[in-house]
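This briefing goes with the sequence and structure shown below. Please have both in view while reading.

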Amino acid sequence: MKFGIEFVPNMKYYELEYYVKLAEDSGFEYTWITDHYNNRNVYAMLAILALKTSKIKLGPGVTNPYHISPALTASAIATINELSEGRAVLGIGAGDKVTFERIGITWEKPLKRMREAVEIIRALHSGKPVNYDGEIFKMNGAKLDFKAGNIPIYIGAQGPKMLQLAAELGDGVLINASHPRDFEAAKENIEAGLSKAGKSKEEFDVVAYASMSVDKDREKARNAARIVVAFIVAGSPEVIFERHGISMDDVNKVREALNNAFTKGDWAGVGKAVTDEMIDCFSISGTPEDVIERIKELSKAGVTQVVAGSPIGPDKKKSIQLIGKEIIPA
Ligand SMILES: C[C@H](OP(=O)(O)OC[C@@H](O)[C@@H](O)[C@@H](O)Cn1c2nc(=O)[nH]c(=O)c-2cc2ccc(O)cc21)C(=O)N[C@@H](CCC(=O)N[C@@H](CCC(=O)O)C(=O)O)C(=O)O
């Protein structure tokens, strides 16, 4: 099993650098940096991380084909690959509708746009001039004037069609999920995409991009996950609740509690509205033994990389070290 870790660049560069180096020293193989316009620029932060680390693979988790051209994405990640001496990975997904609304981007034809963007990025990384007459993107002899090197492309995907696209075009898929049931459900679409491209599952990385919270004290770990789980619940489609047998009543209580938190500052109410079964379904939370158990189940469901996503634990530093000491070697 490979291990990755997610960081949101909502902190100063030197804090991010500290955590990523700690993760590298703790044995994590990948670090994925999220990309939303309102946080620090993902490539500026990756450039610093590239120079300050020596082993860990690094890339956006995930950028999108809306807020910059695929030609810029191809160039930016190739620059990170050069700075990191060949450790860059590109995570790209359809982007976040709510965030796009704030900056006036219309979220349309995500499948088409993702297909065209990934094809263009791959073509530009090959080093040859690119002519591309797409429905959304056009390239007329575009070419990078420096060597990109081999950069794996991972696609962020949840929906059935995007899962198929990810398996067809990508080297891996980043699935925002923490429970084996979600990966069992994704299998059919991943297999369909792999067979369309004539790829074997051995050459494809199925990544559980999970919310994780680890501590020696189970209750502390699980309580630390409540707010993140609430946001995941609020943003998940109904089909997911049916899959996990979570009642819409409970879901609506969480959505209402989040509303109250934003309008009246009642964040304690959010934690109370999140049920234990929501914590089990939408995060990997508990002691190192609990997490190891879950990772075994995920491996049986076909997962080949687990990414420790927010909150990582009640104390980020201690939890990163605990994962490195007791979970990665297990
Ligand atoms: C678009 C959407 O695809 P999805 O795979 O569910 O995308 C949801 C998320 O993956 C996507 O929002 C990601 O960008 C979210 N995301 C992040 N999004 C961000 O903006 N920033 C991040 O840092 C980020 C991290 C991240 C990490 C892992 C991960 O899995 C996702 C992450 C969807 O609805 N897919 C449907 C298909 C929709 C469809 O058919 N659309 C039609 C027409 C739609 C129209 O134009 O109205 C079309 O595309 O042509 C499907 O797969 O079946």
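Ser26 counts as buried because its relative accessible area is 14%, under the 20% cut-off. Ser26 sits in the loop that connects α1 (13-25) with β2 (30-33). The model is predicted. The points below start from Ser26 and go on to other loops, the backbone, the ligand and the chain as a whole.

**Ser26 and its contacts**

- Apart from neighbours within four places in sequence, the residues in contact with Ser26 are Ile320, Gln321, Gly324 and Ile328.
- The loop of Ser26 ends at β2 (30-33), and the loop between β2 and α2 (42-52) holds Arg40.

**Arg40**

- Arg40 is partly exposed, as its relative accessible area is 35%, a value between the limits of 20% and 50%.
- When residues up to four places away in sequence are not counted, Arg40 touches Pro9, Asn10, Met11, Lys12 and Met45.
- With one of these residues, Met11, there is a polar pair: a polar side-chain atom of Arg40 lies 3.1 Å from the backbone oxygen of Met11.
- Arg40 and Val307 are separated by 267 residues in sequence, and their C-alpha atoms are 21 Å apart in space.

**Asp145**

- Asp145 belongs to the loop between β6 (138-142) and β7 (153-156).
- Asp145 counts as exposed because its relative accessibility is 75%, over the 50% limit.
- From Asp145 to Tyr18 the distance is 33 Å between C-alpha atoms, with the two positions 127 residues apart in sequence.

**Backbone features**

- Most peptide bonds are trans, and most residues other than glycine have a negative phi.
- The bond between Gly61 and Val62 is a cis peptide bond, with omega about 0 degrees.
- Val62 is in the loop that runs between β3 (57-60) and α3 (70-83).
- Ser310 and Pro311 are also joined by a cis peptide bond, with omega about 5 degrees.
- Pro311 is placed in a strand, β11, which covers residues 305-312.
- Glu85 is not a glycine, yet its phi is positive, at about 55 degrees.
- The loop between α3 and β4 (90-92) contains Glu85, and this residue is exposed, with a relative accessible area of 74%.
- Lys109, a residue other than glycine, has a positive phi near 45 degrees.
- Lys109 is in the loop between α4 (97-102) and α5, where it is partly exposed at a relative accessible area of 47%.

**The ligand and its surroundings**

- Which residues are closest to the ligand? They are Gly95, Lys109, Leu111, Gln158 and Leu174, out of 25 residues that surround the ligand.
- Three backbone atoms are listed here with their distances to oxygen atoms of the ligand: a backbone N or O atom of Leu174 at 2.7 Å, a backbone N or O atom of Leu111 at 2.8 Å, and a polar backbone atom of Lys161 at 3.0 Å.
- On its own the ligand has 1000 Å² of accessible area, and the protein covers 75% of that area.
- At least two residues of the shell around the ligand come from each of α5 (110-126), α6 (160-169) and β8 (172-175).
- The largest share of the shell is from α6, which supplies three residues.
- By residue class, the shell around the ligand holds 11 nonpolar, nine polar and five charged residues.

**The chain as a whole**

- The chain contains 15 helices and 11 strands.
- For 330 residues, a compact globule would have a radius of gyration near 20 Å, and the 19 Å of this chain agrees with that value.
- Along the principal axes, the C-alpha atoms fill a box of roughly 55 × 40 × 40 Å.
- Buried residues make up 52% of the 330 residues of the chain.
- Among contacts with a separation of 6 or more, 74% are between residues 24 or more positions apart.
- About 15000 Å² of the chain is exposed, and 51% of this area is supplied by carbon and sulfur atoms.

Technical notes. Residues numbered from 1 in each chain as written. Predicted model: local features only at pLDDT ≥ 70, side-chain atom pairs only at ≥ 80, totals over all residues. Heavy atoms only, no water. Near = heavy atom within 4 Å. Polar contact = N/O pair within 3.5 Å; in protein donor to acceptor, adjacent residues only side chain to side chain. Areas by Shrake-Rupley, 256 points an atom, 1.4 Å probe, with all protein chains shown as cover. Helix = DSSP H or I, 4+ residues; strand = E, 2+ residues; numbered from the N terminus. Nonpolar A, V, L, I, M, F, W, Y, C, P; charged D, E, K, R; others polar. Rg over C-alpha atoms; globule rule 2.2 N^0.38 Å. Buried < 20%, exposed > 50% of the residue type's maximum accessible area, 1.4 Å probe, protein only. Contact = heavy atoms within 4.5 Å.
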